[in-house]
Amino acid sequence: MVKRRARLNEENDPLNSTERVLAGLEQAIIPKDEEVDELDTPILETFLINDVVLEQLSKLYLKLQLNISKRNVPEKEVIVEEAIVQLLSLAETDFATLVELLRKRQRNRETGKSYL
């Protein structure tokens with residue numbers, strides 16, 4: 001099975017719209033002559049995410065749209081943020097299990113095995 005990867009870019013980055021909104025808010029709130037601390041500016045990271053995982057994210061998003069009104073569906077970045085929060089929570093409560101899960105995922109990624 002060929003392992004396809006997607007690189008986040010301007011068109012497919014789920015955080016892109018949020019970054020633009022935050023940048024607009026910063027411009028509106030922070031006076032131009034005031035220095036901005038580097039820690040306060042949003043940082044955009046690039047990650048390689050397996051297509052299977054991205055497809056599952058899209059399916060989850062569609063499922064949410066079907067089960068609750070489209071107006072109330074959280075944005076994809078909120079879903080990803082929640083997944084990260086739960087991962088970090090697992091790190092706090094069961095670090096050994098998390099390490100094993102991450103090692104297994106890394107091995108699967110290196111050998112091209114299925115992600116889900």
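This passage describes the fold, helices, salt bridges and surface of a predicted protein model.

The secondary structure of the predicted model comprises four helices and two strands, and these elements follow one another along the sequence in the pattern β-α-β-α-α-α. Of the 116 residues in the protein, 13% are buried. The area exposed by the protein amounts to about 9,700 Å², of which carbon and sulfur atoms supply 56%. When contacts between residues at least 6 apart in sequence are considered, 56% of them join residues that are at least 24 apart.

Helix H2 covers residues 51-67 and thus has 17 residues; the distance from its first C-alpha to its last is 24 Å, close to the 24 Å expected at 1.5 Å a residue. At the start of H2, a side-chain oxygen of asparagine 50 comes to within 2.6 Å of the backbone nitrogen of valine 52. Helix H4, which runs over residues 95-111, likewise contains 17 residues, and because a helix with this number of residues should span 24 Å at 1.5 Å a residue, the 24 Å between its end C-alpha atoms agrees with expectation. Glycine 112 follows H4 and has a positive phi, near 80°.

A search of the whole structure finds two salt bridges. Side chains of opposite charge can pair when their charged atoms come close. In one of the two salt bridges, the side chains of glutamate 55 and lysine 59 meet at 3.3 Å, taken from N to O. Both glutamate 55 and lysine 59 belong to helix H2, where they are four residues apart, about one turn of the helix. An α-helix has 3.6 residues a turn, so residues three or four places apart point the same way. Glutamate 55 has a relative accessible area of 45% and is therefore partly exposed, and lysine 59, with a relative accessible area of 45%, is also classed as partly exposed. The side chains of glutamate 100 and arginine 107 likewise meet in a salt bridge, with an N to O distance of 3.6 Å. Glutamate 100 is partly exposed, because its relative accessible area is 44%, and arginine 107 counts as partly exposed at 42% relative accessibility.

Leucine 57 is also found in helix H2. At 16% relative accessibility, leucine 57 counts as buried, because the cut-off for this class is under 20%. With residues up to four places away in sequence left out of the count, leucine 57 touches Lys76, Ile79 and Val80. For isoleucine 79, which is 22 residues from leucine 57 along the chain, the separation between the two C-alpha atoms is 8.3 Å.

Valine 80, one of the residues touched by leucine 57, is placed in helix H3, which covers residues 76-93. Its relative accessibility of 31% means that valine 80 counts as partly exposed. Together with Ile84 and Leu88, Val80 makes a nonpolar surface patch of about 250 Å². Residues enter such a patch if their relative accessible area is over 30%, so valine 80, at 31%, satisfies that cut-off. Valine 80 therefore contributes to the nonpolar surface patch and also touches leucine 57 of helix H2.

Technical notes. Residues are numbered from 1 along each chain as its sequence is written. This is a predicted model: local features need pLDDT of at least 70, side-chain atom pairs count only at pLDDT 80 or more; totals for chains, interfaces and linings use all residues. Side-chain values use heavy atoms; hydrogens and water are left out. Patches are made of residues with over 30% relative accessible area and no salt bridge: like charges are joined within 9 Å, nonpolar side chains (Val, Leu, Ile, Met, Phe, Trp, Tyr) within 5 Å. Accessible areas come from the Shrake-Rupley method with a 1.4 Å probe; for residues, only the protein chains shown count as cover. A salt bridge is a side-chain nitrogen of Lys or Arg within 4 Å of a carboxyl oxygen of Asp or Glu. Buried means under 20% relative accessible area, exposed over 50%, partly exposed in between (1.4 Å probe, protein chains only). The expected span of a helix is 1.5 Å times one less than its number of residues. A polar contact is a pair of N or O atoms within 3.5 Å; within protein, one must be able to donate a hydrogen and the other to accept it, and residues adjacent in sequence count only if both atoms are side-chain atoms. Contact means heavy atoms within 4.5 Å.
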